[in-house]
Amino acid sequence: MSQTTTATAAPVRDHLPQLHAPRNEGMPLDLDWVRGVQANTSAIERRAATLPGRRTVKKEYQAAWLARAVTLIDLTTLAGDDTEGRVRRLCAKARQPVRAELLDRLGLPHITTGAVCVYHEMVPAAVEALEGSGIPVAAVSTGFPAGLSPYHLRVREIEESVRAGAAEIDIVISRRHVLTGNWQALYDEMAEFRAACGPAHVKAILATGELGTLRNVARASLVCMMAGADFIKTSTGKEAVNATLPVSLTMIRAIRAYEAATGVKVGYKPAGGISKAKDALVYLSLMKEELGDPWLRPELFRFGASSLLGDIERQLEHFATGAYSASWRHPMA
Ligand SMILES: O=C[C@H](O)COP(=O)(O)O
């Protein structure tokens, strides 16, 4: 049962400068709703298992879809040996992620990535390097990746990153609140983190690989949205298991349920281990099928990825020239 997703036109043609979606103002914690959420793990896993083998996008549209995927990448470096120089090179890549000549040959518009994602200390360098580009800087925060530094310092870290110019803050939640079913504590934490973000949009990293069950993933997604998360994000990239398709289905369906109840569209960011162009196409078709076209834009969908762009570039080069280039020709920074 191969269902083919077809684009009606080159899907990147309408790529606009980066805009954020309206904020999610949140709602009071509805514990009955949270406790009533179930996740049918075997059904979710069965559905997820059918996704990679399907022909998701027709061949003739693939280059355009891959270019679309580039516009959705939070181009990321989160390494202990990050330097301002590396971040500046990454930002140059974000401004021009694919060679102009290649895009011209494919008849595609010039594009940028969705954002650049760095640690707090690298925010000023990224802000300076991206000035005038319209590309937002995202800062990981709140004691990323474990989220176990003193609580007041986690709140302070958010405020400092916003002051340094980050337009997006990727916070990590306290996994223990999920594992102990303390939904009130998770809600309060998320609401305070959101308030500390001020005008910056907030992505809630659930670290799903550490939450035990898909039911916990579904409930944590819902609580974070109720507390005002603008995006929910799977992983830090540092857990043993990061973004997976079953987790994505679970979180996407929580987003759908939240929209049905509140009318508010919350964004989705799978992160960690997404490094192949073909995986990006699977995610795009999943978003289109489960949530629809609004979630194919940077306002509502991002890939958290450090090496995906290199593989997409190689595929685009193949579309343009018929030959693959070596991966070393596509350095990130
Ligand atoms: O949020 C982004 C992730 O840390 C990137 O993970 P990755 O290096 O596996 O692509």
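## Exercises on a predicted model

In this predicted model, proline 145 has its place in the loop between strand 3 and helix 7. The exercises below begin with that loop and then move to a strand, to salt bridges and to the ligand.

### Exercise 1: Backbone angles in loops

Determine what kind of peptide bond joins phenylalanine 144 and proline 145, and state which sign phi takes at threonine 142 and at alanine 207.

**Solution.** Step 1: as a background for the comparison, most residues other than glycine have a negative phi, and most peptide bonds are trans.

Step 2: the bond that joins phenylalanine 144 and proline 145 is a cis peptide bond, with an omega of about 0°.

Step 3: threonine 142, which is found in the loop between strand 3 and helix 7, has a positive phi of about 55° although it is not a glycine. Threonine 142 counts as buried because its relative accessibility is 0%, and the cut-off for that word is under 20%.

Step 4: alanine 207 lies in another place, namely the loop between strand 5 and helix 10 (214–226). Its phi is also positive, near 55°, in a residue other than glycine, and since its relative accessibility is 0%, alanine 207 counts as buried.

### Exercise 2: A strand and its neighbour

Find out how many residues of strand 4 (residues 168–172) are buried, and work out which way its residues point.

**Solution.** Step 1: strand 4 is mostly covered, with five of its five residues buried.

Step 2: Glu168, Asp170 and Val172 point one way from the strand, whereas Ile169 and Ile171 point the other way, and all are buried.

Step 3: strand 3 (residues 137–141) is joined to strand 4 by four bridges, and the two strands run parallel. Alanine 138 is the residue that stands opposite glutamate 168 in strand 4.

### Exercise 3: Salt bridges, buried or exposed

Decide whether the partners aspartate 74 and lysine 203 are buried or exposed, and then examine the pair of glutamate 160 and arginine 163 in the same manner.

**Solution.** Step 1: side chains of opposite charge can pair when their charged atoms come close. The structure holds 28 salt bridges.

Step 2: one of these salt bridges is formed by aspartate 74 and lysine 203, whose closest N and O atoms are 3.1 Å apart. This pair links distant parts of the chain, for aspartate 74 lies in strand 1 (residues 73–76) and lysine 203 in strand 5 (residues 201–205), 129 residues apart.

Step 3: aspartate 74 counts as buried because its relative accessibility is 0%, and lysine 203 counts as buried because its value is 1%.

Step 4: the side chains of glutamate 160 and arginine 163 meet in a salt bridge, at 3.7 Å from N to O. Both residues lie in helix 7 (residues 151–163), three residues apart, which is about one turn of the helix. With a relative accessibility of 29%, glutamate 160 counts as partly exposed, whereas arginine 163, at 61%, counts as exposed.

Step 5: salt bridges that share partners join Asp74, Glu168, Asp170, Lys203, Lys233, Lys269 and Arg302 into one network. Among them, Glu168 and Asp170 belong to the residues that point one way from strand 4.

### Exercise 4: The surroundings of the ligand

Identify which residues surround the ligand, and establish how the residues of that shell divide into nonpolar, polar and charged.

**Solution.** Step 1: the ligand is surrounded by Thr76, Leu78, Lys233, Thr236, Gly237, Ala271, Gly272, Gly273, Gly304, Ala305 and Ser306.

Step 2: this shell divides into three nonpolar residues, seven polar ones and one charged one. Lys233 is in the shell, and Lys233 also takes part in the network of salt bridges from the exercise above.

Step 3: the separate distances can now be listed.

- A polar side-chain atom of lysine 233 lies 3.2 Å from an oxygen atom of the ligand.
- For glycine 273, a backbone N or O atom lies 2.8 Å from an oxygen atom of the ligand.
- In the side chain of serine 306, an N or O atom is 2.5 Å from an oxygen atom of the ligand.

Step 4: on its own the ligand has 310 Å² of accessible area, and the protein covers 84% of it.

Terms used
Residues numbered from 1 in each chain as written. Predicted model: local features only at pLDDT ≥ 70, side-chain atom pairs only at ≥ 80, totals over all residues. Heavy atoms only, no water. Near = heavy atom within 4 Å. Polar contact = N/O pair within 3.5 Å; in protein donor to acceptor, adjacent residues only side chain to side chain. Areas by Shrake-Rupley, 256 points an atom, 1.4 Å probe, with all protein chains shown as cover. Nonpolar A, V, L, I, M, F, W, Y, C, P; charged D, E, K, R; others polar. Salt bridge = Lys/Arg side-chain N within 4 Å of Asp/Glu carboxyl O. Buried < 20%, exposed > 50% of the residue type's maximum accessible area, 1.4 Å probe, protein only. Pairing = 2+ DSSP bridges.
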